[in-house]
Amino acid sequence: MPEPTPSPHDPVPIRGLHHFAWRCRDGEETRRFWEDLLGLPLVHVIENEHVPSTGEYCPYVHIFFQMRDGSYIAFFDLGDDIVAAPSPNTPAWVNHIALRVDTVEELRAAKARIEAAGVPVLGITDHHIIGSIYFFDPNGIRVELTTPTVPQAEMDAHARRARAALDDWTQRKARLREVRPHHG
């Protein structure tokens, strides 16, 4: 019997992260940071002259580093030694990728290792549900390493309140817009 055709009203069956991709200034510099310092093995390299999705000519290498859960962080080296520019309308702390470690001890060890390599690290920051450290990779990507610090039951309670909390913020934001000019 054939599988039923999903309805356009069915949720998209997203299983998890496959990869996060970003531009890098230099593939080897990026490899040293993500593989040698952070321990994510380089597992795949794609070199191409044309972009498969658009067909445009743009020689590049696409490099993939694997995380323990099977997902990847990936980079495009376009061969021009240019790093991706930060967004001029967004504070540097906003856009980041957060990667999980299992314990506070692992977080402390990661902080020591990264600092020993000469990379400035902020934290450990207590977010009341997770502990986090923050640093930048050679491409200007803000990286957060984080670990849960509360039981799953507490996270489940937050999940049950998440929609109401967002609704409250949406109402508050509407009031804030009334008293301050909108920039954007």
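Two strands pair if DSSP finds at least two bridges between them. The exercises below apply this to a predicted model.

**Exercise 1. In which sense do strand 1 and strand 4 pair, and over how many bridges?**

Solution.
- Step 1. Take the bridges. Six of them link strand 1 and strand 4.
- Step 2. Take the sense. The pairing is parallel.
- Step 3. Find a facing pair. Ala 21 stands opposite Ala 74 in strand 4.

**Exercise 2. Give the strand order of the open sheet that contains strand 1, and find which strands are its edges.**

Solution.
- Step 1. Write the order. Four strands run 1-4-3-2, and the sheet is open.
- Step 2. Classify the pairing. It is mixed.
- Step 3. Mark the edges. Strand 1 (19-24) and strand 2 (42-50) each pair on one side only.
- Step 4. Add the twist. From one strand to the next it averages 20 degrees.
- Step 5. Place the helix. Helix 1 packs on this sheet and touches strand 1, strand 2, strand 3 and strand 4. The direction of helix 1 makes about 10 degrees with that of strand 3.

**Exercise 3. Is Asn 48 buried, partly exposed or exposed? Describe its surroundings.**

Solution.
- Step 1. Locate the residue. Asn 48 sits in strand 2.
- Step 2. Apply the cut-offs. Buried means under 20% relative accessible area, and exposed means over 50%.
- Step 3. Classify. Asn 48 has 27% relative accessibility, so it counts as partly exposed.
- Step 4. List contacts. Setting aside residues up to four places away in sequence, Asn 48 touches Cys 58, Pro 59 and Tyr 60.
- Step 5. Check a distance. Asn 48 and Asn 95 are 47 residues apart along the chain, and 28 Å separates their C-alpha atoms.

**Exercise 4. Work out the layout of the open sheet with the order 5-8-7-6.**

Solution.
- Step 1. Describe the sheet. It is open, has four strands and shows mixed pairing.
- Step 2. Mark the edges. These are strand 5 (96-100) and strand 6 (122-126), each pairing on one side only.
- Step 3. Add the twist. The average is 25 degrees from one strand to the next.
- Step 4. Place the helix. Helix 2 (residues 104-116) packs on the sheet, in touch with strand 6, strand 7 and strand 8. Its direction makes about 15 degrees with that of strand 7.
- Step 5. Examine strand 7 and strand 8. Residues 130-136 and residues 142-148 run antiparallel, joined by seven bridges. Tyr 134 stands opposite Glu 144 in strand 8.
- Step 6. Examine strand 6 and strand 7. They pair in the antiparallel sense over three bridges. Thr 125 faces Ser 132 in strand 7.

**Exercise 5. What is the sign of phi at Asp 81 and at His 128, and where do these residues lie?**

Solution.
- Step 1. Recall the background. Most residues other than glycine have a negative phi.
- Step 2. Take Asp 81. Its phi is positive, about 60 degrees, although it is not a glycine. Asp 81 lies in the loop between strand 4 and strand 5.
- Step 3. Take His 128. Its phi is also positive, near 70 degrees. His 128 lies in the loop between strand 6 and strand 7. That hairpin has three residues between the strands.
- Step 4. Check exposure. Asp 81 is at 55% relative accessibility, so it counts as exposed. His 128 is at 62% and therefore counts as exposed.

**Exercise 6. Which residues have the most contacts inside the largest nonpolar core, and which elements supply at least two of its residues?**

Solution.
- Step 1. Recall the background. In soluble globular proteins, nonpolar side chains tend to be buried together.
- Step 2. Count. The largest nonpolar core has 24 residues.
- Step 3. Name the residues with the most contacts inside it. They are Trp 34, Phe 75, Ile 114, Ile 133, Phe 135, Val 143 and Leu 145.
- Step 4. Assign elements. Helix 1 (27-37), strand 3 (57-66), strand 4 (72-77), strand 5, helix 2, strand 7 and strand 8 each supply at least two residues.
- Step 5. Follow Trp 34. Beyond its neighbours within four places in sequence, its contacts include Phe 65, Ile 73, Phe 75, Leu 99 and Val 143.

**Exercise 7. Which residues lie nearest the centre of the largest pocket, and which element gives the largest share of its lining?**

Solution.
- Step 1. Give the volume. The largest pocket holds about 660 Å³ of space.
- Step 2. Describe the lining. It has 22 residues, with Leu 38, Leu 40, Arg 68, Arg 100 and Val 101 nearest the centre.
- Step 3. Assign elements. Strand 5 and helix 2 are those that give two or more residues to the lining.
- Step 4. Find the largest share. Helix 2 gives it, with five residues.

Note on methods: Residues are numbered from 1 along each chain as its sequence is written. This is a predicted model: local features need pLDDT of at least 70, side-chain atom pairs count only at pLDDT 80 or more; totals for chains, interfaces and linings use all residues. Side-chain values use heavy atoms; hydrogens and water are left out. Axes are lines fitted to C-alpha atoms, for helices over the stretch in contact, and angles run from 0 to 180 degrees between N-to-C directions. Contact means heavy atoms within 4.5 Å. A nonpolar core is a set of buried Ala, Val, Leu, Ile, Met, Phe, Trp, Tyr and Cys residues joined through side-chain atoms within 4.5 Å. Buried means under 20% relative accessible area, exposed over 50%, partly exposed in between (1.4 Å probe, protein chains only). On a 1 Å grid over the protein atoms alone, a cavity is a set of points where a 1.4 Å probe fits but cannot get out, and a pocket is an open set with protein on both sides within 12 Å along at least five of seven lines; lining residues have an atom within 4 Å of a point. Grid points are joined across faces, edges and corners, and a volume is the space filled by probe spheres set on the points.
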